[in-house]
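Biologist: I am new to this structure and would like to go through it step by step. Could we begin with the overall picture and then turn to the details?

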Amino acid sequence: MSKAKPNWRILKDRGLTKPDDILTTLYAFEPPVDVNAIAEHLGVVVHPVPEPGWSGALTVINDHAVAWLHMGEVEERRRFTLAHELGHLMLHDVTKAFRDVSFDGSVQESEANRFAVDLLMPMWMLDPVFHHAKTDAGVDHLAAMFKVSRAAMTRRLHELFHGVIPL
Ligand SMILES: [Zn+2]
């Protein structure tokens with residue numbers, strides 16, 4: 001008897017690992033992206049981190065995926081961290097655990113951040129509301145609309161509309 005595969009495994013086996021693949025699968029077309037619902041749909045359980053000082057972690061044992069989050073952090077930060085952990089899940093070899101204490105500049109950490117940015121602030125979702133970004137108050141409005149930090153939204157807008165900024 002084999003257990004049913006979780007959705008993340010089915011998508012990963014089919015090569016559907018991009019943020020847009022996941023958003024499309026869930027018919028998530030409007031901000032804010034409900035990253036908790038996405039985690040649930042993918043079959044990822046969310047738990048508080050076992051140690052203070054961690055932002056997040058991802059462990060996968062026999063396809064049982066757990067995203068560990070620091071529940072004391074502000075919602076925007078938690079959402080980004082969860083999206084980052086989902087990036088590790090979809091993009092990387094999950095036979096090892098990922099512990100995110102601080103950004104270490106590695107390729108996999110950059111890829112997980114890239115995934116999180118594209119999941120929470122996809123260009124096609126930002127494009128129709130980009131006109132708000134013309135003023136500082138507009139950027140705050142967009143950050144609130146997408147439930148991301150002002151810093152994350154500022155970086156994203158700059159990247160999309162004025163060239164690339166490293167994360
Ligand atoms: Zn990471």
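Modeller: Two residues are in contact if their C-beta atoms, placed from the backbone, lie within 7 Å. Please keep in mind that this is a predicted model.

Biologist: Among contacts in the protein chain between residues at least 6 apart in sequence, what percentage join residues at least 24 apart?

Modeller: The count considers contacts between residues at least 6 apart in sequence, and asks which of these join residues at least 24 apart. In the protein chain, that share is 59%.

Biologist: In what order do the helices and strands run from the N terminus on?

Modeller: The protein chain holds eight helices and four strands. Read from the N terminus on, these elements follow the order α-α-α-β-β-β-α-β-α-α-α-α.

Biologist: What radius of gyration does the protein chain have, and what would a compact globule with 167 residues have?

Modeller: The C-alpha trace spans about 55 × 35 × 25 Å along its principal axes. For 167 residues, a compact globule would have a radius of gyration near 15 Å, and the value for the protein chain agrees with this, being 16 Å.

Biologist: Which residues touch the most other members of the largest nonpolar core?

Modeller: This core has 40 residues, and the elements that each supply at least two of them include helix 4 (75-91), helix 5 (107-120) and strand 2 (56-61). Ala-83, for instance, is in contact with Val-35, Phe-115, Ala-116, Leu-119 and Leu-120, leaving aside its neighbours within four places in sequence. The members that touch the most others are Ala-83, Leu-86, Leu-119 and Leu-120.

Biologist: Why do the buried residues of helix 7 lie on the same side of that helix?

Modeller: The residues concerned are Leu-142, Ala-143 and Phe-146, which are buried in helix 7. They lie on the same side of helix 7 because the arc that they cover around the axis is only 100°.

Biologist: Which peptide bond is cis?

Modeller: Most peptide bonds are trans. Here, however, omega is about -5° at a cis bond, and one of its partners, Pro-32, lies in the loop between helix 2 (19-25) and helix 3. The cis bond joins Pro-31 and Pro-32.

Biologist: Is Tyr-27 buried or exposed?

Modeller: Tyr-27 is placed in the loop between helix 2 and helix 3, and its phi is positive, about 55°, although Tyr-27 is not a glycine. A residue is exposed if 12 or fewer other C-beta atoms lie within 10 Å of its own. Because Tyr-27 has 7 C-beta neighbours inside 10 Å, it counts as exposed.

Technical notes: Residues are numbered from 1 along each chain as its sequence is written. This is a predicted model: local features need pLDDT of at least 70, side-chain atom pairs count only at pLDDT 80 or more; totals for chains, interfaces and linings use all residues. A nonpolar core is a set of buried Ala, Val, Leu, Ile, Met, Phe, Trp, Tyr and Cys residues joined through C-beta atoms within 7 Å. A residue is buried if 20 or more other C-beta atoms lie within 10 Å of its own, exposed if 12 or fewer, and partly exposed in between; C-beta atoms are placed from the backbone. Helices (H or I, at least four residues) and strands (E, at least two) are DSSP runs, numbered from the N terminus. The arc is that of the directions from the helix axis to the C-beta atoms. The radius of gyration is taken over C-alpha atoms; the globule rule is 2.2 Å times the number of residues to the power 0.38.
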